[in-house]
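User: I'm new to this structure and would like to learn how to read its helices. Could you walk me through it?

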Amino acid sequence: MSRIAIVPGDGIGAEVIAEGVRVLQHLAPDLALEHFDLGADRYLRDGATLPDDVFVRWRDEFDAIYLGALGDPRVPSNVHAKDILLGSRFRLDLFINQRPIKLLDARRSVLKDKGPQDIDIMVFRENTEDLYTGMGGTFKEGTPDEVAQEVCIATRKGVERIVRAAFAYAAERGLSRVCMSDKSNAMRHTGGLWQRTFREVAAEYPGIEASHLYVDVLAMELVRAPERFQVIVTSNLFGDIITDLGAILQGGIGLACSGNIHPGRVSLFEPVHGSAPDITGKGIANPLAAVLTAGMMLEFLGRPDDHARIQAAVRGCLLADEVTPELGGTLSTRAVGDALLARL
Ligand code: ATP
């Protein structure tokens, strides 16, 4: 029996996770779900962000964490979000940020003449290094001579494990193409490490075509010919940008899901969107990203059939316009949840 920690979080996070939980309970009633009261309300109440005892329980007792969103105008420092999200990412060493770019309904893409058969990509974004380690500093801050430095970190271990994850994913699914993207023409040191590591790992997978594109070219190609890509592997910063571009190709942020994964360990799954304070409490948040995220989590937990059923139900809702207003529909968050359950 798998154990899942549920963290609805802030704003629309709680609204969309409620629908994801209904789907989970319907499809997989044997899962043990435990809710955790973490987020802005909790922080404002007693100052707790990610208490040590909670972190240790997640690490030792759970298989997955299902998170809504974190961010609240009452906590301008966003300290609770940083502690919970970045804290689990680094402390649990969730080195894979897996974000699908998968178009389910041709009408939802911003690209004309592209359908679901053209846009079906899995992005492997490195999740623990690059420009996100906080290394660097400022000197003579606030003066005309100010200097600021952000250090870009790439380690052999870090690059190799994300590249291996991408190839393993392709091999397991019978896919034939992996594209690595960097900026090694300008960033010669980290780029060189990515290039060498990618070539070495690719040599172990002779049946898979290994290609490379500079990230600026990848941005253009994703829009021009997304059907070229099956699996993309890239660094933390480039992955962040490329997957947001991908979210729009597949129909918007309300449909984008993600997993922060360390194979074999507790991993964290979250919709890509934020807490959206502007629509919180109105009952119009789109729950489909959260529900697709639940599907990814079920696949991670060894239930690919349940993932496929969720994708089919979401596709059904999209095609029938059983969607929230930002996708042109008239349904509430709850009503989309009802429509999904009816299809499931
Ligand atoms: P953050 O800074 O945490 O990312 P955010 O919620 O303001 O916060 P986005 O998630 O990028 O940022 O969302 C931008 C806007 O898109 C939101 O303000 C909201 O209007 C809309 N939006 C985001 N997610 C959804 C959703 N699930 N359903 C409907 N609208 C959404």
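**Reading the helices**

Analyst: Let's start with α1: twelve of its 16 residues are buried (under 20% relative accessible area with a 1.4 Å probe, protein chains only), so α1 is largely enclosed by the rest of the structure. Keep in mind that this is a predicted model, where local features need pLDDT of at least 70, side-chain atom pairs count only at pLDDT 80 or more, and totals for chains, interfaces and linings use all residues. Residues are numbered from 1 along each chain as its sequence is written, and side-chain values use heavy atoms, leaving out hydrogens and water.

User: What covers the buried residues of α1?

Analyst: Helices (H or I, at least four residues) and strands (E, at least two) are DSSP runs, numbered from the N terminus. For α1, the cover includes the strands β1 (3-9), β2 (32-35) and β3 (64-69), plus the helices α9, α10 (304-319) and α11 (333-343). Among the buried residues of α1 are I12, G13, V21 and R22.

User: How do I read the packing of α1 and α9?

Analyst: Axes are lines fitted to C-alpha atoms, for helices over the stretch in contact, and angles run from 0 to 180 degrees between N-to-C directions. Angles under 35 degrees count as roughly parallel, over 145 as roughly antiparallel, 65 to 115 as roughly perpendicular and the rest as oblique. Here α1 (residues 12-27) and α9 (residues 288-300) pack at about 40 degrees, with axes 8 Å apart, and are therefore oblique to each other. On the α1 side, the contact (heavy atoms within 4.5 Å) is made by V16, I17, E19, G20, V23, L24 and L27, and α9 brings A290, V291, A294, M297 and L298.

User: Why would residues a few places apart share a contact face?

Analyst: An α-helix has 3.6 residues a turn, so residues three or four places apart point the same way.

User: And which way do α9 and α10 run relative to each other, parallel or antiparallel?

Analyst: α9 and α10 pack at about 160 degrees, with axes 7 Å apart, which makes α9 roughly antiparallel to α10. Residues in that contact include L288 and L292 of α9, and P304 and I310 of α10.

User: How about a single residue: is A170 buried or exposed?

Analyst: A170 has 0% relative accessibility, so A170 counts as buried. A170 sits in helix α5 (residues 156-172). Leaving aside residues up to four places away in sequence, A170 touches L175, V178, I208 and V231. A170 and I208 are 38 residues apart in sequence, but 7.9 Å apart in space, C-alpha to C-alpha.

Conventions
Buried < 20%, exposed > 50% of the residue type's maximum accessible area, 1.4 Å probe, protein only.
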